[in-house]
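Open the structure in your viewer and keep the selection tool handy. We will go stop by stop, with something to select each time.

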Amino acid sequence: MRDDTIYEDEDVKEAIRRLPENLYNDRMFRIKRALDLSLKHQILPKEQWTKYEEKKTTLTLTCGMILLKSLSKSLI
């Protein structure tokens, strides 16, 4: 798994484009919050941490589906 916030290849860009608006907005909020905290040299308060059970991998799954689709097309 790679960090899709650092390097957005074509698959990641397509996965982001396909995200529902609410998930896209949530993603952008998390990225902006992380950048803000980083610039302030602060850590996210523990009560705001994402619990392992709540962790979502929507972008990773969407990106994986796009990659599989493109690989299957190249095999045909």
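How many residues apart in helix α1 are R17 and E14? Select both: R17 and E14 are three residues apart in helix α1 (residues 10-18), so about one helical turn separates them. Helices here are DSSP runs of H or I with at least four residues, numbered from the N terminus.

Before going on, a word on the model: it is predicted, with local features needing pLDDT of at least 70 and side-chain atom pairs counting only at pLDDT 80 or more, while totals for chains, interfaces and linings use all residues. Residues are numbered from 1 along each chain as its sequence is written, and side-chain values use heavy atoms, leaving out hydrogens and water.

**Stop 1: the charged side chains of α1**

Show the side chains of R17 and E14. They form a salt bridge, with the closest N and O atoms 2.6 Å apart; the term means a side-chain nitrogen of Lys or Arg within 4 Å of a carboxyl oxygen of Asp or Glu. Now add R18, whose side chain also meets E14 in a salt bridge, at 2.8 Å from N to O. R18 and E14 are four residues apart in helix α1, so about one helical turn lies between them too.

Colour by accessibility next. R17 is exposed at 59% relative accessibility, whereas R18 is partly exposed at 42%. The cut-offs, with a 1.4 Å probe and protein chains only, are under 20% relative accessible area for buried, over 50% for exposed, and in between for partly exposed.

**Stop 2: K40 and D36**

Jump to K40 and D36, whose side chains meet in a salt bridge of 3.2 Å, N to O. K40 is partly exposed at 47%, and D36 is partly exposed at 35%. Back in α1, salt bridges with shared partners join E14, R17 and R18 into one network. The count of salt bridges comes to three.

**Stop 3: the two faces of α1**

Select D11, V12, A15 and I16, which are buried in α1. Look down the helix axis: the buried residues fall within an arc of 135°, so they line one face of the helix. That arc is taken from the directions from the helix axis to the C-beta atoms. On the face turned away from the buried side, find the exposed residues E10 and R17.

**Stop 4: across to α3**

Finally, select M65 in helix α3 (residues 58-75). M65 is exposed, at 55% relative accessible area. Draw a distance from its C-alpha atom to that of A15: the two are separated by 8.7 Å, although 50 residues apart along the chain.

Definitions and conventions: Helix = DSSP H or I, 4+ residues; strand = E, 2+ residues; numbered from the N terminus.
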